[in-house]
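Work through the exercises below with the sequence and the 3D view side by side. Try each task before you read its solution.

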Amino acid sequence: MSFVRQHGFKIAVIALLLAVGAYLLYSYVWKEQEPLPIEKAAPNFELQDIDGNTVTLDTDKGKVQIVYFFFANCPDVCPPTTFLLSQVQEKLIEQGKMGSKVVFNSITFDPERDTADEIKAFAERNYAKLEGWHFLRGEEEATIKLAEDYDVGVLKIEEQNTFAHYNFIIIVDQNGQIRKWINGSDEELTADDIVKDINKLL
């Protein structure tokens, strides 16, 4: 009893430090490893890549897939978001996962203007490599419908020949289930954040 009285303050401090340590461990280590919830089945698609090959969602079944809807003439969100994904790609290449365990699907809803050459130039401008990254085209109306099926709203503005759209990066798991929509316009979003989410599924 005398020991407790003599060292009571030290014991209290140690107990407090242990509690804080446990909280930090949970918040920044264990909690980060919590699995992403299953949201819904990802709609399948059948589109052409810039080399004319047919690509479907099932083409890369068994891999984590990123789905991103864009158009190359986008004046605002598409270029910086594609550049952000190029940084994610670099990190996955360093980890040896790009292409073998993770693939990206960037789907244009402006196929008339987004020819293969235009898309290649867009990818190059934004540092996107074609390693494990499909840039895909289809019919405009069908692609807009596909975007909406992925809960990405798209509105064509005829007068200005442009589009307004939600800027979502979508994570699809190895079984074709949507696990997360990420706001690509979030100024605090980093490539590391996206890589962490991807790695939760690997």
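**Exercise 1. Where is Asn53 placed in the chain?**

Solution. This is a predicted model, so each step reads a computed structure. Start with the strands on either side. Asn53 sits in the loop between strand S2 (46–49) and S3. Next, check its cover. The relative accessibility of Asn53 is 41%. Buried would need under 20%, and exposed over 50%. Asn53 therefore counts as partly exposed. Now list its contacts, leaving aside neighbours within four places in sequence. Asn53 touches Leu47 and Gln48. Last, look across the fold. Leu136 is 83 residues from Asn53 in sequence, yet their C-alpha atoms are 9.4 Å apart.

**Exercise 2. Describe the hairpin of S2 and S3, then find the other partner of S2 listed here.**

Solution. Take the hairpin. S2 and S3 are antiparallel and share three bridges. Glu46 faces Thr56 of S3. Four residues lie between the two strands, and Gly52 has a positive phi near 90°. Now turn to strand S6 (residues 133–137). S2 pairs with S6 too, in the antiparallel sense, over two bridges. Asp49 has Leu136 of S6 as its bridge partner.

**Exercise 3. Is Asp60 buried or exposed?**

Solution. Locate the residue. Asp60 belongs to the loop between strand S3 (54–56) and strand S4 (64–70). Then read its accessibility. The relative accessible area of Asp60 is 7%. The cut-off for buried is under 20%. Asp60 is therefore buried. Finally, see what it touches beyond four places in sequence. The contacts of Asp60 are Gln65, Val103 and His134.

**Exercise 4. Trace the path from S5 to S6 and decide how enclosed S6 is.**

Solution. Begin with the pairing. Strand S5 (residues 102–108) and S6 run parallel, joined by four bridges. The chain leaves S5, passes through helix H3 (residues 116–125) and arrives at S6. This β-α-β crossover is right-handed. Ile107 has Leu136 of S6 as its bridge partner. Now count the cover. Four of the five residues of S6 are buried, so S6 is largely enclosed by the rest of the structure.

**Exercise 5. In which order do the strands of the open sheet lie?**

Solution. Read across the sheet. Its eight strands follow the order S1-S10-S9-S4-S5-S6-S2-S3. The pairing is mixed. Then find the edges. Strand S1 (40–41) and S3 each have a single partner strand, so one side of each lacks a neighbour in the sheet. Recall what holds such strands together. Strands of a sheet pair through backbone hydrogen bonds, parallel or antiparallel.

**Exercise 6. Which residues have the most contacts inside the largest nonpolar core?**

Solution. Fix the core. The largest nonpolar core has 52 residues. Phe45, Phe69, Phe104, Phe135 and Tyr150 have the most contacts inside it. S4 gives the largest share of this core, six residues. Now pick out Phe135. Leaving aside neighbours within four places in sequence, its contacts include Gln48, Asp49, Phe70, Ile119, Phe122 and Leu130. Phe135 also joins a cluster. Ring pairs link it with Phe70, Phe104, Phe122 and Trp133.

**Exercise 7. Why is the pair of Phe71 and Phe109 tilted?**

Solution. Start from the count. There are 10 aromatic pairs. The ring centres of Phe71 and Phe109 lie 5.6 Å apart, with the planes at 40°. Stacked needs planes under 30 degrees apart, and edge-to-face over 60. The pair is therefore tilted. Next, place both rings. Phe71 is in the loop between S4 and helix H2 (78–94), and Phe109 is in the loop between S5 and H3. The two are 38 residues apart, so this pair links distant parts of the chain. Then check the cover. Phe71 is buried, at 0% relative accessibility. Phe109 is buried as well, also at 0%.

**Exercise 8. Sum up the whole chain.**

Solution. Count the elements. The chain has five helices and 10 strands. Check burial. Of its 202 residues, 41% are buried. Take the surface. The accessible surface is about 11,200 Å², and carbon and sulfur atoms hold 53% of that. End with contacts. Among those with a separation of 6 or more, 71% join residues 24 or more positions apart.

Conventions: Residues are numbered from 1 along each chain as its sequence is written. This is a predicted model: local features need pLDDT of at least 70, side-chain atom pairs count only at pLDDT 80 or more; totals for chains, interfaces and linings use all residues. Side-chain values use heavy atoms; hydrogens and water are left out. Buried means under 20% relative accessible area, exposed over 50%, partly exposed in between (1.4 Å probe, protein chains only). Contact means heavy atoms within 4.5 Å. Accessible areas come from the Shrake-Rupley method with a 1.4 Å probe; for residues, only the protein chains shown count as cover. Two strands pair if DSSP finds at least two bridges between them. A nonpolar core is a set of buried Ala, Val, Leu, Ile, Met, Phe, Trp, Tyr and Cys residues joined through side-chain atoms within 4.5 Å. A crossover is right-handed if, with the strands pointing away from the viewer, the path from the first strand over the helix to the second runs clockwise. Rings of Phe, Tyr and Trp (its six-membered ring) pair if their centres lie within 6.5 Å; planes under 30 degrees apart count as stacked, over 60 as edge-to-face and the rest as tilted.
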